[in-house]
Amino acid sequence: MTMLIVSDSIIVLFSIYIGYFILTPFIGIFFSKLLLVSAITIQVSHHFFAWRFGLYRKAWAYASIGELKSIVEAVTLSILVVAAVQYVLTQNVSIRALVITWMLHVLLIGGSRLSWRVVGARVVKARDVQMNRTIIIGAGQAGIMIARQIMNNPRHGMQPVAFIDDDPMKQGLEIYGIRVCGGTERIQQYVDMYRADKIVIAIPSMDKREMAALMKKCVNTGVTTQTIPLIEDLIMGKVSIQDVRDVKIEDLLGRDEVKLDLQAIKGKLKGKTILITGAGGSIGSEICRQVAEFKPKKLILLGHGENSIYTIDMELRQKLSPAIEIIPIIADVQDRTRIFDIISELKPDVIYHAAAHKHVPLMEGNPMEAVKNNIFGTKNIAEAAHLFGVSYFVFVSTDKAVNPPNIMGATKRFAEMIVQNLAKNSDTKFAAVRFGNVLGSRGSVVPLFTKQIAAGGPITVTDPEMTRYFMTIPEASRLVIQAGVLAKGGEVFVLDMGEPVKIVDLAKNLIKLSGYEEDDIEIHYSGIRPGEKLFEELMNESERQTDSVFPKIHIGKATPIPEMEQSRVLDELLNMTNIEIKDTLVGLANRKFPEVPTQEVEAV
């Protein structure tokens with residue numbers, strides 16, 4: 001600041017004396033009484049207005065048009081003060097001299113500030129020679145904004161070298177001295193031509209499928225690929241270089257996410273008591289976050305793991321209004337008495353049941369634990385919901401419940417049938433929600449592959465032809481919440497998840513997203529594990545219906561097990577051997593039971 005004040009003082013005096021000397025070129029002008037008074041006046045007024053407009057507080061290394069405007073305003077007001085003083089003293093104003101002074105003043109003050117920016121940029125570059133040569137895809141408003149911020153702040157370590165844009169009207173132009181090249185079909189060519197280290201995709205309004213295809217092209221170039229937030233954030237002026245993030249594996253799914261019927265959900269959840277089982281898990285914790293947005297009266301976080309419940313409890317308390325009462329509960333859904341006591345005492349209006357054992361190979365080796373948690377745990381909490389008049393009960397199921405060859409899928413399918421049977425004679429609206437693998441959830445392949453890549457490989461894939469349906473954690477949670485609104489009783493809701501993805505393709509994309517080439521990380525095929533299927537299904541033929549009841553959401557026909565058969569199996573399960581458990585449950589899960597009509601759900 002001191003340097004700026006001293007340099008401004010010199011510039012102010014130089015400007016007014018030179019301004020007068022140009023009009024009256026004789027040495028005596030420097031000792032004129034009027035000029036001395038004017039010099040003192042402009043000196044004082046300049047520093048006053050410079051302080052008033054913050055010219056000594058601005059970070060001039062990142063100056064822009066706004067800072068230039070402040071300089072012009074401060075200098076103009078200073079000159080006007082001098083003109084007023086001259087008029088009071090002599091009844092006359094040296095307009096031409098003051099105009100020249102104003103021009104010199106603006107030019108020199110502006111130049112001094114610009115030099116700070118130039119010198120600052122050079123210093124940063126000198127410190128950080130490894131500037132990432134960056135190609136920006138999209139020469140629209142967002143791309144130009146990102147380019148300007150990169151250039152204004154070299155500390156981000158990026159040097160924009162080219163724009164890529166499909167608009168022929170923009171191709172060949174220069175923006176901030178950066179050339180706009182041809183279309184996105186030549187991305188690899190431009191990466192090689194400009195020796196690019198990084199690509200930033202700045203087209204926030206692009207359709208998700210097109211964006212996924214573009215991201216794959218960029219990832220395949222082998223350079224780091226980043227993207228910016230959605231168009232809504234751009235419109236609100238929220239986009240900045242800090243918001244640029246690396247492309248994630250879920251970005252490559254290329255599927256539009258489920259949009260919620262916000263008004264209907266708000267009507268069901270606002271001011272209500274909501275209980276989430278498995279609240280510390282990947283899906284359960286995200287359901288908690290999303291439900292909290294609808295301002296429930298109470299949020300009951302029920303889980304068996306002390307640490308995970310503590311974590312989500314602390315997170316929500318930091319974010320939410322104190323008006324929402326958060327009740328963390330450590331309990332096991334297998335403990336029937338404890339579950340009945342909790343629901344009797346707290347009287348939830350809605351229950352989202354996400355607690356489960358879900359790991360296929362682990363449950364193959366521990367079938368009794370899968371039975372106790374997935375079947376009897378679900379039975380306990382569902383029957384408590386029925387007995388104590390809970391309005392809505394949503395059971396989180398899985399695509400592995402369709403024609404399952406494994407214990408995990410069979411227990412989830414049997415739990416679905418328990419819920420469907422309860423729905424037939426209950427005031428509680430029971431529903432099940434079925435979706436595929438959740439990217440990033442505990443036990444999913446993405447965290448495993450990420451660790452294997454970080455260790456230098458190899459990545460272990462069971463089979464080169466194995467495919468799975470994938471969705472994001474927020475997507476899965478939105479489906480659960482929306483299903484609670486759509487439920488009329490006994491439905492199985494299924495998300496339209498697009499096309500299944502090959503696991504090996506997922507692994508290859510993760511390798512590239514991690515900055516490696518496919519040849520850098522080996523992929524080993526370990527063979528299909530016990531209980532695994534090569535392909536997953538979302539509905540079997542007896543459940544399938546063509547119409548969707550909500551955009552991206554379908555409903556399956558209810559096919560519950562006959563109640564006498566269900567009671568018999570439940571009575572015998574806990575006394576069966578592991579082999580008997582698997583044979584019984586897998587057999588029941590794959591049997592075709594008579595279809596039961598469910599109440600019609602209105603399509604939205």
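## Working through a predicted model

F393 and F430 are both buried (under 20% relative accessible area, with exposed over 50% and partly exposed in between, for a 1.4 Å probe and protein chains only). This is a predicted model, in which local features need pLDDT of at least 70 and side-chain atom pairs count only at pLDDT 80 or more, while totals for chains, interfaces and linings use all residues. Residues are numbered from 1 along each chain as its sequence is written, and side-chain values use heavy atoms, leaving out hydrogens and water.

**Exercise 1. Get to know the whole protein: find how many helices and strands it has and what share of its residues is buried.**

Step 1. Count the elements: the protein has 20 helices and 22 strands (DSSP runs numbered from the N terminus, H or I over at least four residues for helices, E over at least two for strands).

Step 2. Turn to burial: of the 604 residues, 51% are buried.

Step 3. Look at the contacts (heavy atoms within 4.5 Å) between residues at least 6 apart in sequence: 76% of these join residues at least 24 apart.

Step 4. Finish with the surface: about 28,200 Å² is accessible (Shrake-Rupley method, 1.4 Å probe), and carbon and sulfur atoms account for 56% of that area.

**Exercise 2. Work out how helices α14 and α20 cross, and which residues meet there.**

Step 1. Locate the helices: α14 covers residues 367–387 and α20 covers residues 578–590.

Step 2. Compare their axes (lines fitted to C-alpha atoms over the stretch in contact, with angles from 0 to 180 degrees between N-to-C directions): they come within 9 Å and cross at roughly 50 degrees.

Step 3. Name the arrangement: α14 and α20 are therefore oblique to each other (under 35 degrees is roughly parallel, over 145 roughly antiparallel, 65 to 115 roughly perpendicular, and the rest oblique).

Step 4. List the partners: from α14 come P367, M368, V371 and I375, which meet N578, I581 and L585 of α20.

Step 5. Sort these residues: six are nonpolar, one is polar and none is charged (Ala, Val, Leu, Ile, Met, Phe, Trp, Tyr, Cys and Pro count as nonpolar, Asp, Glu, Lys and Arg as charged, the others, Gly among them, as polar).

**Exercise 3. Find how many aromatic pairs there are, and describe how the rings of F340 and F388 and those of F393 and F430 are set.**

Step 1. Apply the rule (Phe, Tyr and six-membered Trp rings with centres within 6.5 Å; planes under 30 degrees apart are stacked, over 60 edge-to-face, the rest tilted): the count is two pairs.

Step 2. Take F340 and F388: their ring centres lie 6.0 Å apart with planes at 70 degrees, so this pair is edge-to-face. F340 sits in helix α12 (residues 336–346) and F388 in the loop between α14 and β12 (392–396), 48 residues apart. F340 is buried at 16% relative accessible area, whereas F388 is partly exposed at 32%.

Step 3. Take F393 and F430: with centres 5.3 Å apart and planes at 50 degrees, the pair is tilted. F393 belongs to strand β12 and F430 to strand β13 (residues 429–434), and 37 residues separate them.

**Exercise 4. Describe the backbone at P458, K295 and K347.**

Step 1. Check the peptide bond from G457 to P458: it is cis, with omega near 0 degrees. P458 lies in the loop between α16 (445–454) and β15 (459–461).

Step 2. Check K295: though not a glycine, K295 has a positive phi of about 55 degrees. Its loop runs between α10 (282–292) and β9 (298–303), and K295 is exposed at 52% relative accessible area.

Step 3. Check K347: its phi is positive, about 50 degrees, and K347 is not a glycine. K347 is placed between α12 and β11 (350–353), in a loop, and is exposed at 56%.
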